[in-house]
Amino acid sequence: MRTAVTVLCLLGVLFVKQDAEAGTAFDLMRETAVSWTGELPCGNWDCECAFKRQRGCCCVAGSVFQLEEDMFGRMVGLWQGLSTLNSKLGELTGPDSKVAFTAVMSPMSMGSQCFGPFTSHVPISYTNVQLNQGFGYNPALGIFTAPRTGVYSFSYSVYSNVGPSGERLYHMVQLMRDGVEVTSTWEDNREDSEDSGSQTVVLQLRRGCQVYMQLFSGRMLCSDTEGHNRFSGYLLYPLSD
């Protein structure tokens, strides 16, 4: 089918020759369209409105309305995306994203006080709390409970002094996650009267997971007079539940 412009222009030229009294070129095209038999080749335009009821008509009204609908749908999608992004940013920067703790065992008397030995494994209570942001650490139980899902870093140091040379230096501590050993540090010899060690681990925890230090049964920590036995942790970054 010829395009609307080609058809109407050709017909307009013919009518210029046939009707000397015709007005403007548009009048000629309008008259041609009115007298046209069959469907007008107007594409998406409303030819019936444009040529027969011209006053107040908008030839591209349908296209404009469709464009408005498309733009509105895109704006709604954009707004939903921004709302989701704002929610995620709130999770990352909100108050519960700041989690950290540091706690130390209470000082012991030199040569006269030990923690242990016990007949079963016992959680170590680090009662001297120096930092507890987010309140995830319970000093009474020595247990850290994750306030939110995320990746955490935990560190601990262990120290023991059994006094006179020849005494048995005999300790073993374990870092536990929900009752399962993650890592441990131990010593068993009569050559050293004191020794220390430390470790750092990174763990992915769900909300409510518990992490704590445990003294192995039959072992003991002695004469830590300066708070060398420490337990600490902090949230590296949160994750969605």
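**Strands, core and a disulfide**

Author: β1 and strand β4 (residues 128-133) run antiparallel and share five bridges. The model is a predicted one.

Reader: What makes β1 and β4 a pair?

Author: Pairing takes at least two bridges between two strands. β1 and β4 have five, so they count as paired. One of these bridges sets A100 opposite Q133 of β4.

Reader: How do you know that β1 also pairs with strand β13 (residues 230-238)?

Author: The test is again at least two bridges. β1 and β13 have five, in the antiparallel sense, so they pass. A103 of β1 has F231 of β13 as a bridge partner.

Reader: Why is strand β1 (residues 100-104) called mostly covered?

Author: Buried means under 20% relative accessible area. Five of the five residues in β1 are buried. Both faces of β1 take part. A100, T102 and V104 point one way, F101 and A103 the other way, and all are buried.

Reader: What makes the largest nonpolar core a core?

Author: Its members must be buried residues of certain kinds, among them Leu, Ile and Phe, joined through side-chain atoms within 4.5 Å. The largest such set has 28 residues. I124, F144, F154, L175, L205, L221 and F231 touch the most other members. β1, β7 (150-161), β8 (169-177), β10 (194-205), β11 (210-215) and β13 each give at least two residues to this core. β7 gives the largest share, four residues. In soluble globular proteins, nonpolar side chains tend to be buried together.

Reader: Which residues does L205 touch, beyond those up to four places away in sequence?

Author: L205 touches F144, A146, R148, T149, G150, Y152, F154, R177 and V211.

Reader: How do you know that C114 and C222 form a disulfide?

Author: The sulfur atoms must lie within 2.5 Å. Here S to S is 1.9 Å, so the pair qualifies. A search of the whole structure finds one disulfide.

Reader: What does the C114 to C222 disulfide tie together?

Author: C114 sits in strand β2 (residues 114-115) and C222 in strand β12 (residues 221-222), so the pair links parts 108 residues apart in sequence.

Reader: Why is this disulfide called right-handed?

Author: Because the torsion about the S-S bond of C114 and C222 is about 110 degrees.

Reader: Are C114 and C222 buried or exposed?

Author: The cut-offs are under 20% for buried and over 50% for exposed. C114 has 37% relative accessibility and falls in between, so C114 is partly exposed. C222 has 3%, so C222 is buried.

Reader: Why is C209 called buried?

Author: Its relative accessible area is 4%, under the 20% cut-off, so C209 is buried.

Reader: Why is S184 called buried?

Author: S184 has 12% relative accessibility, under the 20% cut-off, so S184 counts as buried. S184 is part of strand β9 (residues 180-189).

Reader: What makes the S184 and E181 pair a polar contact?

Author: The limit is 3.5 Å between N or O atoms, with one able to donate a hydrogen and the other to accept it. The side chains of S184 and E181 come to 3.2 Å, so they meet the limit. Leaving aside neighbours within four places in sequence, S184 contacts Y156, M172, V173, Q174 and Q199.

Reader: What does the whole protein contain, and how much of it is buried?

Author: The protein has four helices and 13 strands. Buried residues make up 35% of its 241 residues.

How values were computed. Residues numbered from 1 in each chain as written. Predicted model: local features only at pLDDT ≥ 70, side-chain atom pairs only at ≥ 80, totals over all residues. Heavy atoms only, no water. Buried < 20%, exposed > 50% of the residue type's maximum accessible area, 1.4 Å probe, protein only. Contact = heavy atoms within 4.5 Å.
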